[in-house]
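User: I would like to learn how to read individual features from a model, going from the general idea to the case at hand. Could you take me through it step by step?

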Amino acid sequence: MKLSRKSGILLPISSLPSPYGIGGFTKEAYDFVDFLVEAGQTYWQILPLGPTSYGDSPYQSFSTFAGNPYFIDLDALVEEGVLTEEECEQADCEINRRYVEYGLLYENRYELLRKAYERSEIASDPEFQKFVEENRSWLKDYALFMTVKNCFDGASWLEWADDIRLRWGYSLDYYYKEYAEEIEFYEYLQFKFMEQWTKLKDYANEKGVRIVGDIPIYVALDSADAWAHPDLFQMDEDRRPKAVAGCPPDAFSEDGQLWGNPLYRWDVHKNQHYDWWIRRMEHCYKLYDVVRIDHFRGFDEYFSIPYGDETAVGGHWEKGPGMELFRTLEEKLGHKAVIAEDLGFQTDTVRKLVKDSGYPNMKVLGFAFDATGTSEHLPHNYDKNCVVYTGTHDNETLMQWYDGMTEEVAAFVEDYMNNAHTPRNKVHWDFIRLAMLSCANTCIIPIQDYLGLGKEARMNFPSTLGDNWKWRMLKSDLTEELAKEIFHLTRLSSRG
């Protein structure tokens, strides 16, 4: 399904302002929807909504189906009478309003949510019972996975005792019986997550705003998905990975990138008529209106790295499922709105897969300008069926990138954009205008670039740990003046 000529803003849920240390489904989220409407925007793009694990990355989640409990609105729980304002204030995880403190969240948030669960009498709620039954295919495994993980002090399931690691029947029965309340607690969190997210999404849709969700191609190794369905992944008889995902060495990394995600057994998925993928995408369209599929080239060919290797140097390419998967999805789910993230090294077969799928692909202005002037990311090379960004969550912010240009590239930018006299504090608007006025049907701008922020607002630096996924917006950032400027440019470019 092709996207019409519209525009939107990229802002992760975690980056919303809120009173308790991380963005969530709070009043501020509804305020942001109102801002999008005021600015004439159609899309709100977010990052994956899953519960984050080690490294705090939304692309390494404990489940591809579950939602992040950190996003649950505490004030809504106060209104329900299961928490008090004083308890929420005491568990506040905010040190700096600009950054998320994941360590504090891990220590304080679950304890607070557990109080809410214990007071909720949720077991008698027919809506909760309905939710559990309707989501049984993934919820039962996820709740048990998180419960057992706590029993083993947070260790990866690969380090659990063999009886439960290998899912022996008597062991599963033991944990279900012995930890029934703990399992219900995790089911409760998912119920509240979905209840609140659905309410927010409905509000956005009613205002004419569509949600663009992001899903990783792979699941995390330490996830309920890999533990409960080892047959779908390249595992040995002892359920240890044979190979894992990553990217080969290139000009940016001489060792390549070792992601560590388990690789799919595409032959098994094919024999099962891609049932797991159908259920995964069907679930995604309950959460989102448009789905951006990360690392789209992995469906054409994927990079396989022997498990245990310390770098990606020893990896090799394997063939993916290609168009067969997407034809099956269309047969089962109908025409759905998808964005293909095809960034990185391009091959003829990847280009063909994107073309055959009909999905719009991505263009990034941050990749457009080099001294050669031949990049396919330059706007004059676009096909209409694409989505243009100034940058993504993995890139430098627009201004960080601009400030780091070489003299040669800066000269080309000035020549291409005819903006030699634009003051630095206004130059980000030149790039945004270039994207908005391009022929690309869809234009999505990270909020950091609308705000003209620098390296302090970068969301992620790939292959690093410690300082990623933390940046947050302030309430004061969303001014009426900014909305008017965005609205003017949206109308000018016929994206309203």
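Analyst: Let us begin with aspartate 162, which counts as partly exposed because its relative accessibility is 40%, a value that falls between the 20% limit for buried and the 50% limit for exposed. Please keep in mind throughout that this is a predicted model.

User: Which residue meets aspartate 162 in a salt bridge, and where do the two lie?

Analyst: The side chain of aspartate 162 meets that of arginine 165 in a salt bridge, with 3.1 Å from N to O. Both residues belong to helix α7 (residues 162–165), where they are three residues apart, about one turn of the helix. The two ends of the bridge should be read separately for exposure: aspartate 162 is partly exposed, whereas arginine 165 is buried, because its relative accessible area is 1%.

User: Which residues are linked with this pair in a network of salt bridges?

Analyst: The network links Asp162 and Arg165 with Asp238 and Arg240. As for the whole structure, a search finds 28 salt bridges, and two further cases are worth reading beside this one.

User: What is the exposure of the partners in those other cases, and how are they placed along the chain?

Analyst: In one of them, arginine 292 and aspartate 294 meet through their side chains at 3.3 Å, N to O, and both residues are buried. In the other, aspartate 403 forms a salt bridge with arginine 424, and the closest N and O atoms are 2.6 Å apart. That pair links distant parts of the chain, since aspartate 403 sits in helix α15 (residues 398–403) while arginine 424 sits in the loop between α16 (407–417) and α17 (427–436), 21 residues apart. Aspartate 403 counts as partly exposed because its relative accessibility is 45%, and arginine 424 is likewise partly exposed at 45%.

User: Charges can also gather without being paired; which residues form the patch of negative charge on the surface?

Analyst: The patch gathers Asp75, Glu79, Glu85, Glu86 and Glu89. Helices α2 (74–80) and α3 (85–90) each supply at least two of its residues, and α3 gives the most, with three. Aspartate 75 has its place in helix α2, and its relative accessible area of 31% makes it partly exposed. To belong to a patch, a residue needs over 30% relative accessible area and no salt bridge, so the 31% of aspartate 75 satisfies the area requirement.

User: Turning to strands, how should I read the two faces of one?

Analyst: The general idea is that in a regular strand the side chains alternate between the two faces of the sheet. In strand β11 (residues 386–389), Cys386 and Val388 lie on one side and Val387 and Tyr389 on the other, and all four are buried, which leaves both faces covered.

User: Which strands pair with β11, and in what sense do they run?

Analyst: Strand β10 (residues 361–364) runs parallel to β11 and is joined to it by four bridges, and strand β12 (residues 442–446) also pairs with β11 in the parallel sense, over three bridges. Tyrosine 389 shows both contacts in a single residue: it is the bridge partner of valine 364, and it stands opposite isoleucine 444 in β12.

User: How far apart in space are residues of helix α9 and residues distant along the chain?

Analyst: Tyrosine 186 is found in helix α9 (residues 180–206), and its C-alpha atom is separated by 8.1 Å from that of tyrosine 142, which is 44 residues away along the chain. Tyrosine 186 is buried, because its relative accessible area is 3%. Glutamate 182 also lies in helix α9, with its C-alpha atom 8.2 Å from that of alanine 143, 39 residues away along the chain. Glutamate 182 is buried as well, at 19%, a value just below the 20% limit.

User: Finally, which residues other than glycine have a positive phi, and are they buried or exposed?

Analyst: Among them is glutamate 121, whose phi is near 50 degrees; this residue lies in the loop between α4 (102–120) and α5 (126–134) and is exposed, because its relative accessible area is 63%. Another is aspartate 153, with a phi of about 55 degrees. Aspartate 153 lies in the loop between α6 (136–151) and α7, and at 74% relative accessibility it counts as exposed.

Note on methods:
Residues are numbered from 1 along each chain as its sequence is written. This is a predicted model: local features need pLDDT of at least 70, side-chain atom pairs count only at pLDDT 80 or more; totals for chains, interfaces and linings use all residues. Side-chain values use heavy atoms; hydrogens and water are left out. Buried means under 20% relative accessible area, exposed over 50%, partly exposed in between (1.4 Å probe, protein chains only). Two strands pair if DSSP finds at least two bridges between them. Patches are made of residues with over 30% relative accessible area and no salt bridge: like charges are joined within 9 Å, nonpolar side chains (Val, Leu, Ile, Met, Phe, Trp, Tyr) within 5 Å. Accessible areas come from the Shrake-Rupley method with a 1.4 Å probe; for residues, only the protein chains shown count as cover. A salt bridge is a side-chain nitrogen of Lys or Arg within 4 Å of a carboxyl oxygen of Asp or Glu. Lys and Arg count as positive and Asp and Glu as negative; His and the chain ends are not counted. The place of a charge is taken as NZ of Lys, CZ of Arg, CG of Asp or CD of Glu.
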